[in-house]
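Colleague: Please take a close look at one part of this model for me, beginning with a single residue, and then work outwards to whatever surrounds it. I would like one connected account rather than a list.

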Amino acid sequence: MIIFRVFLLFFILITPVKANTIYNLIKIPNLEIYNINTTNNLRYLYATKPFRLGVNVKKNIQCFNSDKKTLDKKYKIISKNLDRYSSDFLKKINLKYIVLCENLSVAKINTAGIPNNLTRTLILDIKFNETYFERAIHHEVFHIINDSHKEFFKENEWKNFNNKNFKYTKCSTCNNKWNLSLYNETQGFFTEYAKSTASEDMAEVFSHLMFYQNEINNDDTIINKKIQFIKKNILRIDNSFNF
Amino acid sequence: MIKKIKISISERIILFFIIILAIFSLISFVFIKEKCIFVKNHNPNNIQFDNPQNIAVLNTNCGNVIIELYPNVSPSSVKRFKTLIGSGAYNDAAFHRVIENKLIQAGDLEFGKRENLDYGKVGTGKSGLGTIKSELDVEFKFLRGHVGMARTFKMNTEDSQFFIILQDEPLFEGEYTPVGKVLYGIEVLEKVKFIDKFHTVPRPDFINYFKMLD
């Protein structure tokens, strides 16, 4: 019995090699600091080796390390876009850590980013489609905003903006509506992907607002209602926010 | 007639090396057994402090660790710390989590005391006083020797456990509530027992006593 207990204790107490500060904070392995001296207190981390994550044994989130040249190039783009969010705002939405890696996927489906407001982390795929890369950063930030302030972004209220016969799909990957190109004729949606779920639709509106700033001129009444909804609720979180 | 045998040069050399080896063996045996041999023990009564009311003395097997608490940085946490120190709650608490040259953690008053150490639960215990809020408003850089309140994965879950870092930890800023800094005796903490590759220390070292100077 004593031997059994000792054996059991050994397996309970043993941990992977040495404790890692970053892993202890955000539960993602194989990361190092890229830059933490930022004006808005965001901490940029990068993958030194591939890593897998997941709540179950399958660990279906996967991402790979990148070369320094790509990291340096993409960091400039990412930080330029994320610097638009103030330290106060980031605190309010629970975003602190940005993880840079490449070929990010969930269940083998590639994705631009994975937000997690509980760990205050946004994992970004730095090799994501260049055409939409910058806008996708804001799209993913919105998911953090939404997850942290569900009380403001009520989906039922949002759904009422759409035509009565329109229905979102059950999840963002439940069909093949993944095109991120801006529609010529919006008809209530900026992109095809916006038609997948209400939260993706909100993220698309937010990302267009952030990326195109004041260049959005749209006669689409649905789009305009959606823009006003997003603006109103973002300002409820932080009334000094600049789109 | 008994012939006197002379020791050859090679035999002299071998004998010399055997003696040297024996001396080294004896010295290393003494040093290995006595890990505190070169650690200076600071006597707080021989030191002048600017804020003696905020000086705490943590005593371990290798001597005293003298800590200055920062009530201006984290008033609630320092108040809790002083309450627990004042009641003697930290006496005989284990250094249950020790990472070589990085961090030592203690203060589990439920499962980490000498008389009732529970290896399966140590690190999860509470003080019985309830949790307190994280105090992160003041900008604070965590450098070697700084003391912080430990918490669970969630914010605002600080209770009695604390850690002392043995190297600079820039990522701790804004994550953990700082409560003070080791002024003297960081080398004492470097001698606290750790086990490589183990998160929790089996048969750990303990705090002998933890008291306020005044």
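Modeller: I will begin with A:Ala107, which sits in the loop of chain A that runs between β5 (97–106) and β6 (109–110); please keep in mind throughout that this is a predicted model. The backbone deserves attention here, since A:Ala107 is not a glycine and yet has a positive phi, near 50°. As a general background, most residues other than glycine have a negative phi. A:Ala107 has 11 other C-beta atoms within 10 Å, and because a residue with 12 or fewer counts as exposed, it falls into that class.

A second residue of chain A shares this backbone feature: A:Lys27, also not a glycine, has a positive phi of about 60°. A:Lys27 belongs to the loop that links α2 (21–26) to β1 (31–35) in chain A. Its surroundings place it in another class, because 13 other C-beta atoms lie within 10 Å of A:Lys27, and that count makes it partly exposed.

From the loop we can step back into the strand before it, since β5 of chain A covers residues 97–106. The largest nonpolar core of the model has 95 residues, and those with the most contacts inside it include A:Ile98, A:Val99, A:Leu100 and A:Cys101, together with A:Leu124 and, from the other chain, B:Ile104. If we take A:Val99 and set aside residues up to four places away in sequence, it touches A:Ile28, A:Leu31, A:Leu45 and A:Ala47, and also A:Thr121, A:Ile123 and A:Leu124.

That local picture can be set against chain A as a whole, which holds eight helices and eight strands. Of its 243 residues, 31% count as buried, and among the contacts in chain A with a separation of 6 or more, 60% join residues that are 24 or more positions apart.

The domain assignment divides chain A into domain 1 (23–133) and domain 2 (149–243), and the centres of these two domains, taken over C-alpha atoms, are 24 Å apart. The contact between them is made by six residues of domain 1 of chain A and five residues of domain 2 of chain A. On the domain 1 side, helix α4 (residues 87–93) of chain A gives the most, with four residues, and the residues on that side divide into four nonpolar, two charged and no polar.

Further along the chain, helix α7 (residues 198–212) of chain A packs against helix α8 (residues 221–237) of chain A at an angle of about 80°, with 10 Å between their axes; the two helices are therefore roughly perpendicular to each other. On the α7(A) side the contact is made by A:Met202, A:Val205, A:Phe206 and A:Leu209, and on the α8(A) side by A:Lys226, A:Ile227 and A:Ile230. By class, this contact of α7(A) with α8(A) has six nonpolar residues, one charged residue and no polar ones.

Chain B offers a useful setting for comparison. Its domain assignment gives domain 1 (8–38) and domain 2 (44–212), and between the centres of these two, again over C-alpha atoms, there are 40 Å. Helix α1 (residues 9–33) of chain B contains B:Leu26, which counts as exposed because it has 10 C-beta neighbours inside 10 Å. The C-alpha atoms of B:Leu26 and B:Leu129 lie 50 Å apart, with their positions 103 residues apart along the chain. B:Ser28 is also placed in helix α1 of chain B, and with 10 C-beta neighbours inside 10 Å it too counts as exposed. From B:Ser28 to B:Ile18, 10 residues away in sequence, the distance is 15 Å, C-alpha to C-alpha.

A loop of chain B can close the account. B:Glu110 lies in the loop between β4 (103–106) and β5 (146–149) of chain B, and with 16 C-beta neighbours inside 10 Å it counts as partly exposed. Once neighbours within four places in sequence are left aside, B:Glu110 is in contact with B:Gly125 and B:Lys126. For B:Lys126, 16 residues away along the chain, the C-alpha separation from B:Glu110 is 5.6 Å.

Note on methods
Residues are numbered from 1 along each chain as its sequence is written. Chains are lettered from A and ligands numbered from 1 in the order in which they are written. This is a predicted model: local features need pLDDT of at least 70, side-chain atom pairs count only at pLDDT 80 or more; totals for chains, interfaces and linings use all residues. Domain bounds come from an automatic or database domain assignment. A nonpolar core is a set of buried Ala, Val, Leu, Ile, Met, Phe, Trp, Tyr and Cys residues joined through C-beta atoms within 7 Å. A residue is buried if 20 or more other C-beta atoms lie within 10 Å of its own, exposed if 12 or fewer, and partly exposed in between; C-beta atoms are placed from the backbone. Two residues are in contact if their C-beta atoms, placed from the backbone, lie within 7 Å. Axes are lines fitted to C-alpha atoms, for helices over the stretch in contact, and angles run from 0 to 180 degrees between N-to-C directions. Angles under 35 degrees count as roughly parallel, over 145 as roughly antiparallel, 65 to 115 as roughly perpendicular and the rest as oblique. Ala, Val, Leu, Ile, Met, Phe, Trp, Tyr, Cys and Pro count as nonpolar, Asp, Glu, Lys and Arg as charged, and the others, Gly among them, as polar.
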